[in-house]
Amino acid sequence: MNPVVQELAKQARYDSLYEKYYLQETHKREITPTEYQNIYNKKFAELLVLECARVVDRAISDGGVDGGVLKQHFGIEP
């Protein structure tokens, strides 16, 4: 797995565990594995979109962008 994606997955795990424990304390009930998976998926997707936006913003400020910039950033072959 690409190091950028690995770091995003790691951050999503941390964020989703934090939210899981917060929700358990707030609602005084256990979060089911399915609920936790949904929290993780949402966090990972949010982080991925933010990373894409950051890469595109940087590419635009450097003078141009196309889909290749994101493919290169995430190590995906064209």
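Glutamate 35 is partly exposed, with a relative accessible area of 26%, and its partner in a salt bridge is arginine 29, the closest N and O atoms of the two being 2.8 Å apart. Both belong to a predicted model, in which the mean pLDDT of the chain is 89 and 97% of the residues reach 70 or more. The points below go through the helices, the core, the salt bridges and the loop residues in turn.

**Confidence in the model**

- Confidence varies along the chain: among its elements, H1 has the highest mean pLDDT, at 95, while H3 has the lowest, at 78.
- Where pLDDT is low, the predicted coordinates should not be read in detail.

**Helix H1**

- Helix H1 has 25 residues, and the distance from its first C-alpha to its last is 36 Å, which is close to the 36 Å expected at 1.5 Å a residue.
- At the start of H1, the backbone nitrogen of valine 4 has a side-chain oxygen of asparagine 2 within 2.6 Å.
- The buried residues of H1 are Leu8, Ala9, Ala12, Ser16, Lys20, Leu23 and Gln24, and these buried residues pack against H2.
- Serine 16, which is found in H1, has a relative accessible area of 0% and therefore counts as buried, since buried means under 20%.
- Apart from neighbours within four places in sequence, serine 16 is in contact with Tyr36, Ile39, Tyr40 and Lys43.
- Alanine 9 touches Tyr40 and Phe44, when residues up to four places away in sequence are not counted.

**Helix H2**

- Helix H2 runs over residues 33-61, and because its 29 residues should span 42 Å at 1.5 Å a residue, the 42 Å between its end C-alpha atoms agrees with what is expected.
- Tyr36, Ile39, Tyr40, Leu47, Glu51, Val55 and Ala59 are buried in H2, and the buried residues of this helix pack against both helix H1 (3-27) and helix H3 (67-73).
- Glutamate 51 has its place in H2, and with a relative accessible area of 13% it is buried, so it falls under the 20% limit.
- When neighbours within four places in sequence are left aside, the contacts of glutamate 51 are with Val4, Leu8, His73 and Phe74.
- Just after H2, glycine 63 takes a positive phi of about 120°.

**The nonpolar core**

- The largest nonpolar core is made up of 10 residues, namely Leu8, Ala9, Ala12, Leu23, Ile31, Tyr36, Ile39, Tyr40, Leu47 and Phe74.
- The elements that contribute two or more residues to this core are H1 and H2.
- In soluble globular proteins, nonpolar side chains tend to be buried together.

**Salt bridges**

- A search of the whole structure finds 4 salt bridges, including the pair of arginine 29 and glutamate 35.
- Arginine 29, like its partner, is partly exposed, with a relative accessible area of 41%.
- Another salt bridge joins lysine 43 to glutamate 19, with the closest N and O atoms 3.1 Å apart.
- This pair links distant parts of the chain, as lysine 43 lies in helix H2 and glutamate 19 in helix H1, 24 residues apart.
- Glutamate 19 has a relative accessibility of 27%, and so it counts as partly exposed, a class that lies between the 20% and 50% limits.
- Lysine 28 forms a salt bridge with glutamate 25, and here the closest N and O atoms are 3.8 Å apart.
- Glutamate 25 has a relative accessibility of 55% and therefore counts as exposed, the cut-off for that class being over 50%.

**The loop between H1 and H2**

- Which residue follows H1 with a positive phi? Lysine 28 does, with a phi near 55°, although this residue is not a glycine.
- Lysine 28 lies in the loop between H1 and H2, and the residue is exposed there, with a relative accessible area of 64%.

Key
Residues are numbered from 1 along each chain as its sequence is written. This is a predicted model: local features need pLDDT of at least 70, side-chain atom pairs count only at pLDDT 80 or more; totals for chains, interfaces and linings use all residues. Side-chain values use heavy atoms; hydrogens and water are left out. Helices (H or I, at least four residues) and strands (E, at least two) are DSSP runs, numbered from the N terminus. The expected span of a helix is 1.5 Å times one less than its number of residues. Buried means under 20% relative accessible area, exposed over 50%, partly exposed in between (1.4 Å probe, protein chains only). Contact means heavy atoms within 4.5 Å. A polar contact is a pair of N or O atoms within 3.5 Å; within protein, one must be able to donate a hydrogen and the other to accept it, and residues adjacent in sequence count only if both atoms are side-chain atoms. pLDDT is the predictor's confidence in each residue, from 0 to 100. A salt bridge is a side-chain nitrogen of Lys or Arg within 4 Å of a carboxyl oxygen of Asp or Glu. A nonpolar core is a set of buried Ala, Val, Leu, Ile, Met, Phe, Trp, Tyr and Cys residues joined through side-chain atoms within 4.5 Å.
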